[in-house]
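This report covers the contact between two protein chains and the sheet that runs across it.

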Amino acid sequence: MDLLKAREIFTEFLKRGSSRITPERFEVLEAAFKFKGHFGADELYVALKNKNKEVSRATVYNSLELLTKSNLLIKRNFGDGATRYEANLRGSHEHIICTECGKITEFSAPEIKNDAKMLAERLGYDFSGYNFNLYGRCREHALKNAETKKDKGFKNPAESGPEKKRSMADCPQGKTVKILEVNSGKSSCMSLMNMGIAQGTEVLIKRKSPMKGPLLLLINDTEIAVGYSIAKKIMVEC
Amino acid sequence: MEFILIGQPNCGKSTIFNNVAGYKSIASNFPGATVKFTKGNISLYNKTIGVTDLPGTYSLQSQDEAEKDAVTYLINHHKDVVLINVIDASVLSRSLELTLQLMELSRPMIIVLNMMDEARAKGIRINKEELTKITGLPVIETVAKKGEGIKECFDKAYEAFFNPPEPKEVVYSKNAEICLGKIESILGQAEYQWPERFCACKVLEKDSHFDMQFKESLSAESYGRLHEILLDYEAEEERGAEYMISFERHAKAFEIFESVSRVGSREKKDFKLKLDNIFMHPVLGYIFMIMILYSGFWIIFKVGNLLEPMFLNLVANTSRLILAKYGTSGLTSALLTGAVEGIGGGVGIVIPYLVPFFIFLAFLEDTGYLARIAYLLDGFMHKIGLHGTSVVPMILGYGCSVPGVLATRILKTPRDKFITATLTSLIPCSARMTVIFGLVGFFISMKAAVAIYVLNLVIIAATGKFLSKAMPEVSPGLILEIPRYNIPPVKVLAYKSWFRLKEFILVAWPLLILGSVLLKSAEFFHLDSAINNFLSPFTIGILGLPAALGVTMLFGLMRKELSLILLFSALGTSNVLLKMTGTQVFTFSIFITFYIPCLATIAALARELNWKKAILISLLTFSLAIILGVASRFIVPFFTA
């Protein structure tokens with residue numbers, strides 16, 4: 001299935017559901033189809049933002065929902081609590097996930113579908129789909145672990161996620177980061193929140209100045225200057 | 001009936017206010033320009049109605065003193081008011097967080113979407129009807145700086161008074177609602193001036209002022225129960241309730257924003273966005289800052305230098321005419337000369353420098369560059385124990401120390417406030433600028449005048465360093481919204497400069513004339529020589545200045561310009577160099593620049609800090625002035641030789 005076909009299907013789907021056909025929704029569709037591999041809603045949002053598309057987070061979320069309903073995307077859950085999506089391009093396939101490095105390998109095995117269907121019927125259900133993942137240690141890691149224990153500093157992705165947590169002051173200029181926690185005093189914390197710097201928001205580090213100077217952040221199209229000492233206390237995913 | 005303008009910082013409340021009430025409130029393009037409320041009147045349908053312009057506040061959970069003032073005013077004025085919630089339409093989502101809190105007050109209220117032009121340029125389209133449907137409040141679109149929609153705004157506010165719209169109840173997430181419900185049922189046991197819902201939210205916000213009220217009005221058992229509910233809620237959410245309620249509002253505001261607006265692409269590439277690549281650049285930014293400030297002062301100096309001799313000649317001729325007519329002896333003649341010199345000093349010396357300065361200051365404020373200076377200097381300010389926000393009061397201090405000292409309200413801790421207030425009173429205000437330019441610049445050289453400014457900055461840095469060492473405490477750091485660039489209309493600059501000039505004419509000038517008359521009558525009764533003799537160990541002994549300057553320095557306490565004007569009459573000539581050496585002129589100016597701020601500033605310091613601190617600052621600046629004066633006396637001759 002190519003993008004053109006997908007657009008057709010999506011247009012048809014939106015019409016049928018009497019949902020509005022907005023250019024933003026198609027932006028999301030396009031970005032989703034072009035995304036290599038699996039992605040979370042936030043990752044897609046960031047990707048769109050990086051391309052300077054004016055799409056809000058809420059639009060991304062509900063468009064993804066619509067795309068899933070129209071069968072253009074498939075929702076995946078790999079056990080780390082985050083929902084991921086992928087374009088429904090290759091027909092049905094399964095995933096095996098490495099517990100060491102989080103690597104996801106795709107494979108197809110028709111016998112699983114048959115078994116699943118049978119199981120559903122036995123339980124008295126009309127079968128419509130299934131969703132499951134296999135877990136294990138990938139060959140590389142199985143070997144490495146057997147040889148030595150020198151994989152220093154490597155964290156289990158299920159615990160920390162693929163991205164690193166660090167202070168905003170340590171992030172490079174021009175990067176969009178997601179705020180995890182604000183550890184400054186109560187007053188600063190509230191001031192920041194009043195300006196929209198709160199847990200979960202995404203912030204672009206627009207400018208950094210040398211010699212522990214302030215950072216210029218962009219949040220909801222507003223520029224806010226934050227001193228270095230405060231930025232040091234804002235932990236972000238970067 | 002009273003209209004109260006309330007909104008987040010830099011959303012244009014003061015601009016709207018000035019549109020209807022005459023220019024009374026300084027409106028600038030940086031957050032926190034208004035630090036105290038301003039009252040005015042508007043006539044509508046043959047009635048005079050009060051309008052109040054409150055300082056901007058991001059939320060009703062106030063953080064600094066200016067915000068606290070706004071909130072206190074708001075919650076204590078609940079009879080016969082209409083709230084006009086001004087919103088910067090280009091940052092609608094964030095602004096709605098305050099709106100949600102105001103709605104909880106359930107008072108007559110309207111929403112004003114200001115800066116619609118900015119929002120449109122950014123491609124934000126807002127569905128007014130939808131916003132009215134969600135909030136239950138009338139919505140008016142305005143562009144205050146062009147005066148668009150202002151009439152309709154106040155018409156709607158008037159209408160809202162007689163036919164109050166019902167703000168819709170804001171519904172938060174299930175957990176929050178359950179908790180709020182429980183709190184409301186307990187608060188229902190007592191009576192409050194505010195709606196229960198509002199009070200319940202204040203419990204979650206842990207507002208100390210309201211907490212006192214609840215403690216007094218509720219039984220110990222109920223009050224205890226309140227805290228149990230709070231603790232349960234926090235345990236469930238694993239976060240402080242005050243954060244949770246903020247999150248709730250944040251989410252709600254975003255939800256409303258999403259449903260009432262669509263964001264398209266920008267109308268056109270805005271060149272203003274590119275400006276910061278230069279002005280906030282880590283290297284170029286500083287070069288431009290120095291260039292902008294230097295050229296500003298250069299223009300002020302040039303304009304002043306051009307006008308000063310013209311006006312001075314005019315004054316000299318007039319006074320000669322008057323003296324010729326009324327004779328040169330007798331008390332009336334002395335008083336007349338005093339009055340003429342006082343009036344002339346204002347016209348001849350002060351106004352030529354003041355007018356270009358005020359225009360330059362208005363330009364800095366209104367373009368939005370002031371906040372950029374704060375950003376650029378943040379790193380440097382950290383070196384002296386403060387942070388970028390302190391730059392704002394200090395720059396305002398270049399205009400006049402009084403608003404500068406008042407502006408320290410935007411700082412959050414008492415320590416930062418004290419240090420910044422001290423440094424602000426050391427900044428050469430426009431009065432001292434006239435002394436520096438009119439005396440040193442005019443009689444010595446422009447370079448020497450600049451040298452005083454540079455020396456002043458060095459001393460300020462050293463004082464800041466010293467004070468922050470003496471009061472070690474971690475400063476909370478800079479959090480400042482950087483406003484968009486704005487090209488101020490000439491009319492606005494003119495109004496604002498006129499507003500400040502008017503203050504000089506109405507307040508300072510009479511003082512100058514009075515001072516001048518007093519000095520002349522003192523001369524007549526030979527009191528001046530008594531004072532000069534008394535002060536001579538100080539003037540001659542320590543500073544090496546002519547004894548005649550003693551009185552002028554004393555009068556400088558009232559207004560710094562007075563020292564300059566009286567200098568001419570004390571010396572009996574307007575060509576100072578006939579009676580004083582270059583070094584003496586320099587030393588005198590240094591002393592005047594640094595010593596005790598004028599009475600008005602001391603009063604402002606006492607009000608913002610306390611009397612003890614105001615006196616402490618006065619003593620500190622006085623000793624600084626002596627040390628520097630003596631240093632100048634002995635060091636400057638080496639440069640001139």
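## Strand pairing

Two strands count as paired if DSSP finds at least two bridges between them. Strands of a sheet pair through backbone hydrogen bonds, either parallel or antiparallel.

The model is predicted. Within chain A, strand β10(A), residues 215–219, is joined to β11(A) by 5 bridges, and the two run antiparallel. Leu218(A) has Glu223(A) as its bridge partner in β11(A).

## The sheet across the two chains

Strand β11(A), residues 222–226, also pairs with β9(B), in the antiparallel sense and over 4 bridges. Here Ala225(A) has Leu480(B) as its bridge partner.

The resulting sheet is open and has 7 strands, in the order β7(A)-β12(A)-β8(A)-β9(A)-β10(A)-β11(A)-β9(B), with antiparallel pairing. Its edges are β7(A), residues 165–167, and β9(B); each has a single partner strand, so one side of each has no neighbour in the sheet. From one strand to the next, the twist averages 40°.

Helix α8(A), residues 186–194, packs on this sheet. The helix touches β8(A), β11(A) and β12(A), together with β9(B) of the other chain, and its direction makes about 15° with that of β9(B).

## Extent of the interface

The contact takes 41 residues from chain A and 40 residues from chain B. Between them the chains bury about 3600 Å², with 54% of it on carbon and sulfur atoms. On the chain B side, Tyr243(B), Tyr375(B) and Ile479(B) supply 18% of the area buried against chain A, more than any other three residues.

## Polar links and composition

The count of salt bridges between the chains is 1. This salt bridge is formed by the side chains of Arg372(B) and Glu223(A), at 3.9 Å from N to O. Glu223(A) is also the bridge partner of Leu218(A). Residue pairs in polar contact between the chains, both at pLDDT 80 or more, number 9.

On the side of chain B that touches chain A, the elements giving two or more residues are α3 (92–104), α11 (241–260), β8 (261–263), α12 (271–279), α15 (369–383) and β9 (479–482). The largest share, 7 residues, comes from α11(B). By residue class, this side of chain B divides into 14 nonpolar, 12 polar and 14 charged residues.

Note on methods
Residues are numbered from 1 along each chain as its sequence is written. Chains are lettered from A and ligands numbered from 1 in the order in which they are written. This is a predicted model: local features need pLDDT of at least 70, side-chain atom pairs count only at pLDDT 80 or more; totals for chains, interfaces and linings use all residues. Side-chain values use heavy atoms; hydrogens and water are left out. Contact means heavy atoms within 4.5 Å. Buried area is the accessible area (1.4 Å probe) that two parts lose on being put together, summed over both. A salt bridge is a side-chain nitrogen of Lys or Arg within 4 Å of a carboxyl oxygen of Asp or Glu. A polar contact is a pair of N or O atoms within 3.5 Å; within protein, one must be able to donate a hydrogen and the other to accept it, and residues adjacent in sequence count only if both atoms are side-chain atoms. Ala, Val, Leu, Ile, Met, Phe, Trp, Tyr, Cys and Pro count as nonpolar, Asp, Glu, Lys and Arg as charged, and the others, Gly among them, as polar. Axes are lines fitted to C-alpha atoms, for helices over the stretch in contact, and angles run from 0 to 180 degrees between N-to-C directions.
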